[in-house]
Structures are given as C-alpha cells and as structure tokens.
Amino acid sequence: MRTLALRAFSLMSVLRMATYADLANRPVLTQPVYEAGRPIEVVAREFGLDPSAVIKLASNENPLGPSPLGLAAAKKGLDDCHLYPDGGCTFLREKLAKKWALEPGNFVIGNGSNEVMILLAQAFLRPGDEVVFGSQAFIVYKLATMLFGATPVEVPMPGFRHDLKAMRAAVTAKTRIVFLASPNNPTGGTDDPADILAFAASLPEDVIFCLDEAYAEYLEASADLRPLMKSGRKVVLSRTFSKAYGLAGLRVGYLMGATEVCGLLNRVRQPFNVNLPALAAAEAALDDDAFVRRTREVNAAGIAQLSAGLKQLGFAFIDGKANFLAAQIPKAEEAFTTLQKAGVIVRPLRGYGMTGWLRLTVGTEAQNARLLAELAKL
Ligand SMILES: *Cc1c(COP(=O)(O)O)cnc(C)c1O
C-alpha cells in the first residue's frame, strides 16, 4: 500500500512539481508590494543622465544630508564593525528614557520604525483579527496587517483627511490594532493632538493604538501619550531617525510603550536588528538639536516656497506641515516620467488610490525651484 501511494505521489510530482508558491504561507501570496522612491543611480542609468544632476524628492529624506553628529559617530562606529552591536541598544534606550522622562524598558529600537510596526503585527495579529487605519494611510500598516493574515479595515478619508469618528466606529470586537500617522504619509494632513488623545482614550482597552510620529519633529506640538500609557491604556508611539535626523539609510526607529509590550516585542525581534554604526549615529544624533532646528527652518521655508509655486501654477495640493506636499498634477503618471527625464524624481500616488496626485518632498531652496520650473513646463 505504502509503496503504491509513494509511486502515485512521485508520478504526480513528475506531472506537476510543487511551486514555491504552493509551499508558501498563504498571506505571502497576497501581500501588496511596497513601491519605494526610485534611487538616483537607477533613474540616471535608465534615462542616460549624470547621477550628480539628478535630484530625489521622492522619499521624504532630509535635503540637508545626515545629522553631522550622527554621521561622525557612524564613521567612528565603522572602526568597530568586527564586533556585534549592542543587541540591547543600552545607551540609546537610556538616552531616549531621559528625553521622554520614562524608563529604558519603555523603548524598543528597530531597523527603522517600519520594523517596530512589523514586530507589533507579528506579536499581536493572527488570521481573523482586524486592523483599522485610513484608506490613504501609510502603506506599511497594510503590509504588516496582511503579512500575518489579519484583515485590513480601511476607513475612507474624505478630502484625504482622517475621519476619527468613522475610524472609531470601524472598531469591532475583532479589532486588535489601530494605526494613525500624524502627519500622515502620503497625504501630509495632520490631526489635532487633542483629537488624537480623545480618540486614543475612546478605544476599547483591549485595542492597541499605534501613533506613528515619523514627522513629529516638523510640528509645533504633538500628542503626549504618556499619561494614557501610564494609566495602563494600550497606546504605543513610533518615531524615526530617518526624517528630521537625516539617517534614513542607516535604518533606526523606535517604539515607545509600556514595559510589558516592549518586553514582548523584544522577544520577537532579531537579537542584533540595529547595526553598530546606525546605533552609534542615532545615539549621537539625538543630541543634534542645532541640526534638527535648521532642518525645521529649511523645511518651513521650503513648504512656503512650494505652496506658493503650486498655487501660481494652479495645481491643487493638500496643506501639510511635514517635509512633503501631495499635489494634484495634470496627467500625473506621465508627469512622473517626464520629470525623471529632466532629472527630478518624485513619487506617484496611484498605488494609494490617488490617481492624478504626486508626492513632492521638500528639498533645498534650489531643488524646490528646479522642481517648480519642471512642473511649469508640463
Ligand atoms: C517615513 C515614514 C516612517 C519611517 O520609516 P523608517 O522605517 O523609520 O524609515 C514611518 N512612518 C511614516 C508615516 C513615514 O512616512
């Protein structure tokens, strides 16, 4: 019997070999694709341009470059790259604890803040669970949700702004996590800190609220979740060194939350998820107040410059305080290619259900002027 069954099996295998897809975890097959900003070198090669003449305003990177303190520490860190990094991220967590008047145990450091969101999903989501976020929210929330077989509940965003009432109404007994970014990417809209706190407080106590503050450094004020956190509510905050600190290429971000949730996420993460130069850079950059201040100033001027320019061209855009603007550009998808040919990389938003929109990262004054000049030619 057994031999017969085996023979039948091997015959079937000859007729049709299993594909990797047959063997993969089901959610992997339906996982959406993250469309990153196109790298300068790739665009330069594709369109036959000199890379030094191409500007990238596609990934909300810091046009001033890396934090000088961070860069110096990363370079120094490279001398020790034969050693494993401190898997506990001891000094960075101690510094963060001081900055936030909390304990080191209230922080989990990730390979970018994207990683801490994936860790959250990995630790808490299973098939059948629901995750609530806006229909034009940061794509990583959907990726994290779907990767673990949970169900995304995408709440419509009228005028591309979060509808917190509708989001609250979308929460059911199956909801495990609610994600909210303020400012939101790719729309750029910001929610009032008081509204965010009221929303967080209104959630059932068994729902985890993750507030993504990747662009908080660009705002005057952000929501202080610490009182809710200390009262035992399940609220966590994520921040990054990728934007205002200018360290996107090194990949460091963090989650702040109760020691219990941080302990669980630490079990899930890789022991050495943050590399040694990156860790050194983040520690040093945290003290680089002068750089963050200059970043904010240059960005505020850039937002004013781009807003005025877009108005003059008659292109609609969403008011934003982060380091980018979402703008409605005639024939946006063609314009995306035309701009690349002219050496300006921006981000199309069709993947976010925003056909006709481009996301423009704020650059230096000269870069913004060049972008506006190219937009004027369209
Ligand atoms: C850029 C961005 C991040 C940061 O991602 P990292 O992994 O830290 O580079 C997080 N959330 C939003 C909404 C962003 O736009």
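**Exercise 1. The second largest cavity**

How do the residues of the lining of the second largest cavity divide into nonpolar, polar and charged? Work it out on this predicted model.

*Solution.* Start with the space itself: the second largest cavity holds about 40 Å³. Next, collect the residues that line it: Ser182, Thr190, Asp191, Pro193, Ile196, Glu213, Leu219, Ala221, Ser222 and Ala223. Now sort them by class. Pro193, Ile196, Leu219, Ala221 and Ala223 go in the nonpolar pile, Ser182, Thr190 and Ser222 in the polar one, and Asp191 and Glu213 in the charged one. That gives 5 nonpolar, 3 polar and 2 charged.

**Exercise 2. The largest cavity**

Find the largest cavity, list its lining and sort the residues by class.

*Solution.* A quick reminder of the idea: rolling a probe the size of a water molecule over the atoms shows where empty space is left. Here the count comes to 3 cavities of 30 Å³ or more. The largest of these cavities has about 60 Å³ of space. Walk around its wall and you meet Asn62, Pro63 and Leu64, then Tyr218, then Thr295, Val298 and Asn299, and finally Asn323, Val362 and Gly363. Sorting that lining gives 5 nonpolar and 5 polar residues, with no charged ones. Watch out for Tyr218, which goes with the nonpolar group under this scheme, while Gly363 goes with the polar group.

**Exercise 3. The largest pocket and what fills it**

Describe the largest pocket, then say what takes up its space.

*Solution.* First, the volume: the largest pocket comes to about 450 Å³. It is lined by 27 residues, and the closest to its centre are Tyr34, Ser59, Asn114, Phe138 and Lys243. By class, the lining divides into 11 nonpolar, 9 polar and 7 charged residues. Then ask which element gives the largest share of the lining: helix H7 (residues 113-124), with 3 residues. Last step: the space of this pocket is the one taken by the ligand.

**Exercise 4. The ligand and its shell**

List the residues around the ligand and pick out polar contacts to it.

*Solution.* Begin with the shell: Gly112, Ser113, Asn114, Phe138, Asn185, Asp212, Ala214, Tyr215, Thr240, Ser242, Lys243 and Arg251. By class, that is 3 nonpolar, 6 polar and 3 charged residues. For the contacts, look for N or O pairs within 3.5 Å. Ser113 uses its backbone, with an N or O atom 2.6 Å from an oxygen atom of the ligand. Ser242 reaches a ligand oxygen atom with an N or O atom of its side chain, at 2.6 Å. Asp212 has a polar side-chain atom 2.6 Å from a nitrogen atom of the ligand. To finish, check the cover: on its own the ligand has 390 Å² of accessible area, and the protein covers 94% of that.

**Exercise 5. Odd backbone geometry**

Where do Pro183, Pro186 and Ala101 lie, and what is unusual about the backbone there?

*Solution.* Keep the baseline in mind: most residues other than glycine have a negative phi, and most peptide bonds are trans. Now take the prolines. The bond from Ser182 to Pro183 is cis, with omega near -5°. The bond from Asn185 to Pro186 is cis too, with omega near 20°. Pro183 is in the loop between strand S5 (175-181) and helix H10 (193-202), and Pro186 lies in the loop between S5 and H10 as well. Two of these residues have come up before: Ser182 lines the second largest cavity, and Asn185 is around the ligand. That leaves Ala101, which has a positive phi of about 55° although it isn't a glycine. You'll find Ala101 in the loop between helix H6 (90-100) and strand S2 (107-110).

Terms used. Residues are numbered from 1 along each chain as its sequence is written. This is a predicted model: local features need pLDDT of at least 70, side-chain atom pairs count only at pLDDT 80 or more; totals for chains, interfaces and linings use all residues. Side-chain values use heavy atoms; hydrogens and water are left out. A residue is near a molecule or strand if one of its heavy atoms lies within 4 Å of it. A polar contact is a pair of N or O atoms within 3.5 Å; within protein, one must be able to donate a hydrogen and the other to accept it, and residues adjacent in sequence count only if both atoms are side-chain atoms. Accessible areas come from the Shrake-Rupley method with a 1.4 Å probe; for residues, only the protein chains shown count as cover. On a 1 Å grid over the protein atoms alone, a cavity is a set of points where a 1.4 Å probe fits but cannot get out, and a pocket is an open set with protein on both sides within 12 Å along at least five of seven lines; lining residues have an atom within 4 Å of a point. A molecule sits in a cavity or pocket if more than half of its atoms lie within 2 Å of its grid points. Grid points are joined across faces, edges and corners, and a volume is the space filled by probe spheres set on the points. Helices (H or I, at least four residues) and strands (E, at least two) are DSSP runs, numbered from the N terminus.
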